[in-house]
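This report walks through a few features of the structure shown below, beginning with a single residue and moving on to the packing of helices.

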Amino acid sequence: VSAIEEYKQVSERYEFLLHQKDDLLRARDMLLDIIKQMDDVMKEKPRDPNEGIFARGGLFNTILYGAIITLAVLLSYFSSAWMSGAFTYSEISNYLSNSDNLHLAQTMAFTTLAFAELFHMLGVSNLKRSFINVFKNKNLMMLIAFISGIVLQILVIQVGPVSAIFNTRPLDGIHWLVAGLLSVIPLIAH
């Protein structure tokens, strides 16, 4: 009887140690992946601790990409009027005086801003390499954040009770396409 109990104890301990070994191997593989992802960062000279956040072109990049995103949002805002044939100041002003048209323009601008920021996040994740490397290097949290942002924006725009809270208007296919294309501008600029 004691041999059977001893075998059971040793077997349980063995199974426990096997799981521990598997956990350690997975952790090692994850660490090796993280080290690979940080390879570019590790090659860079460390930043001087007295250096400001706008050093090394930070101020220029902030202003540049802020201007690019602003331009995309403004183009999106006015595109609903342009798609309706309003091109002059008075035509656009008249078009936007209608509350439904104004909500459409605001929703397009809001959507473009949200998506542009998501695409900008991809672009600035590594200024020296293509944004494709963000997902190629298995940056799972970045992928989750990106997809979550897109899903949440779609919910805010398209789902009735949620859009009522945010005072947005559902977009149709052409408006989604325009907002989506304008949102990609910051990513292309990277």
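Leu32 counts as partly exposed because its relative accessibility is 43%, where buried means under 20% relative accessible area, exposed over 50% and partly exposed in between, with a 1.4 Å probe and protein chains only. Leu32 belongs to helix 1, which spans residues 2–37; helices are DSSP runs of H or I with at least four residues, numbered from the N terminus. From Leu32 to Leu17 there are 15 residues in sequence and 22 Å in space, C-alpha to C-alpha.

The model is predicted, with local features needing pLDDT of at least 70 and side-chain atom pairs counting only at pLDDT 80 or more, while totals for chains, interfaces and linings use all residues. Residues are numbered from 1 along each chain as its sequence is written, and side-chain values use heavy atoms, leaving out hydrogens and water.

Helix 5 and helix 9 pack against each other as the table sets out, with axes fitted to C-alpha atoms over the stretch in contact and angles running from 0 to 180 degrees between N-to-C directions.

| Feature of helix 5 and helix 9 | Value |
|---|---|
| Angle between axes | about 40° |
| Distance between axes | 8 Å |

That angle makes helix 5 oblique to helix 9, since angles under 35 degrees count as roughly parallel, over 145 as roughly antiparallel, 65 to 115 as roughly perpendicular and the rest as oblique. Among the residues that meet, with contact meaning heavy atoms within 4.5 Å, are Phe115 and Phe119 in helix 5 and Trp176 and Leu182 in helix 9.

Terms used:
Helix = DSSP H or I, 4+ residues; strand = E, 2+ residues; numbered from the N terminus.
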